[in-house]
Protein chains: 2
Amino acid sequence: MVREFDLIGRYFSREVPEGYIGAGDDCAVLPEQPGRQWVVSTDALIEGRHFLSDVDPFALGHKSLAVNLSDLAAMGATPAGCVLALALPKIDENWLSKFSDGFYFMADQHSCPLVGGDTTGTGHGIMICVTVFGHITPGTALLRSGAQYGDDIWITGSLGAAHIALKLLQGALPANDVLLADTRAALERPRPPVMYAAQLAGLAHAALDISDGFLQDLGHILKASKCGAHIIFDNLPVDPAIRNLPNELMQEAVLSGGDVYQLCFTAPQRHRNAIETLARQFSTMVSRVGVITEGNELVVETLSGRRLMPSQLGYQHF
Amino acid sequence: MVREFDLIGRYFSREVPEGYIGAGDDCAVLPEQPGRQWVVSTDALIEGRHFLSDVDPFALGHKSLAVNLSDLAAMGATPAGCVLALALPKIDENWLSKFSDGFYFMADQHSCPLVGGDTTGTGHGIMICVTVFGHITPGTALLRSGAQYGDDIWITGSLGAAHIALKLLQGALPANDVLLADTRAALERPRPPVMYAAQLAGLAHAALDISDGFLQDLGHILKASKCGAHIIFDNLPVDPAIRNLPNELMQEAVLSGGDVYQLCFTAPQRHRNAIETLARQFSTMVSRVGVITEGNELVVETLSGRRLMPSQLGYQHF
């Protein structure tokens, strides 16, 4: 109906690689991946809920794809492509151009070409829906249900910075420009360890991406795998930018802060060396933070044996 | 953040078939399709733009998937699965239950299981984003660019009813309950010829689904295939419900009415019998409505030789 919105499409029709058929037909066509199995994930980002209306459009484009790539990483999948549905209340070519640049930046970096989409006007706020496809060796998907007793628990990247940035932007913490500058990239430009994760098949037993908060997301693995966990707080990768915050705030950010888009995975002890060697190869930081236990309890202790109370930190026991 | 919206997911977590891994992990996993190539399409439906807020939720669920299945049909693809992102301003369990029933009705009928999704609250109107996946024999996708000089032009189903229903609902035509009853299903519950279309590979040269209007969509084939067309108006499948409307209104509905979700395809003359035999097998109505010509002109004539003026009917010459 609204022809002018066709022009939105212009910002999302860059050339696709050999073997793909991209936008312009009824469907996109993906290249064959003989002997591989396809995986898929979809995520919607809604203005006012997942992002603020004045967010930097480059960062928003980046993040829209990053949160989906994070889901592929959590399965150990190799990205193969994505589609984007975008509903906008008005056409702002400057905004579109920057959003598109941010999106393609992530797409190019992860060989995840944008192959199609749908653009429309809306009387409401901005709505972004990204669907990503990837492939895996059949049967090697890293499920939440695969954790086994005695597995090490690993985390990629660091924890807590995105949570602090969000609180600063919401005015829930006293303004602090230095702290915001140090933490904002974690919130607005997450960098899921996609390449590294695609190598974890055969090494890791279970994985997910940390989006709601470390304890809560780890809880999903424990529930699906019917096991417990013992976490050593001192081994958690606290983001350097938040290390000097008051202890309680720092702990909350690390244990319960969302928007992390890094992996939590479990793996048998015999793969420690392989996991760390791979991490160096792919310039990915990994931390071994605890072990999978029998039962269904989630215990967080300091090295000195002081037990933290996860229940007070947003963790819902199941 | 908004935990209560997790319950939306309950309406969309029916069991998936053997070989699939559905909702509950970071990605869905699709069964292998050896020797096949994957295709994908995404469509967003926005309240107030693509549907009215008081639309029957069963019909909306049905249509949300139907418009996407129509894209698969237009490629000649076999459905393999879909994901749904749904943003709702409030939780209305009655609405959700009916929407879910309508969605699953289409999904079951076309063996296109819902394998995952994302549900969220929104301060704005309802937003529905569906992404479908299908597979084809490599190299057999029915593209818009495949039409050849001398090809017959075919249409499945009938034209015009959805357009009239929309005008009635919008109050752009005088209220007419009988006419609305006869045309409403075409608008609200489109039935794209998915099974039939999946058999057209090797027979048809080009195809697309009619969503914006027959002439405009045929124009996409002509532009992509660098050719013209000669259409005999009398051969167009006018929906019986609108046959007795004033001539001008009927013509507008047939030539320019959108929301059809039937196929327009071209095929060499030698395949006429095969195309019609298949149509009987799959209980699909097909009409041969014209031929592909050299040049780039789109001519619509009556059998008596009177030329209609497509430019006055919403067709933009390219």
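Two strands count as paired if DSSP finds at least two bridges between them; strands (E, at least two residues) and helices (H or I, at least four) are DSSP runs numbered from the N terminus. This is a predicted model, in which local features need pLDDT of at least 70, side-chain atom pairs count only at pLDDT 80 or more, and totals for chains, interfaces and linings use all residues. Residues are numbered from 1 along each chain as its sequence is written, and chains are lettered from A and ligands numbered from 1 in the order in which they are written.

**Exercise 1.** State how strand β8 of chain B pairs with β10(B), and add the pairing of β6 with β10(B).

*Solution.*
- Strand β8 (residues 228-232) of chain B runs antiparallel to β10(B), joined by 4 bridges.
- Ala229(B) has Ile292(B) in β10(B) as its bridge partner.
- Strand β6 (residues 152-156) of chain B pairs with β10 (residues 286-293) of chain B, antiparallel, over 5 bridges.
- Asp152(B) has Val291(B) in β10(B) as its bridge partner.

**Exercise 2.** Determine which axis relates chain A to chain B.

*Solution.*
- Superpose the copies by least squares on the C-alpha atoms of residues with pLDDT of at least 70 in both.
- A turn of 180 degrees and a shift of 0.0 Å along the axis lay chain A on chain B with an RMSD of 0.0 Å.
- The relation is therefore that of a two-fold axis.
- In chain A, the C-alpha of His124(A) is nearest the axis, at 2.8 Å.

**Exercise 3.** Find what share of the residues of chain A is buried.

*Solution.*
- A residue is buried if 20 or more other C-beta atoms, placed from the backbone, lie within 10 Å of its own.
- Of the 318 residues of chain A, 54% are buried.

Technical notes:
Buried ≥ 20, exposed ≤ 12 C-beta atoms within 10 Å, placed from the backbone.
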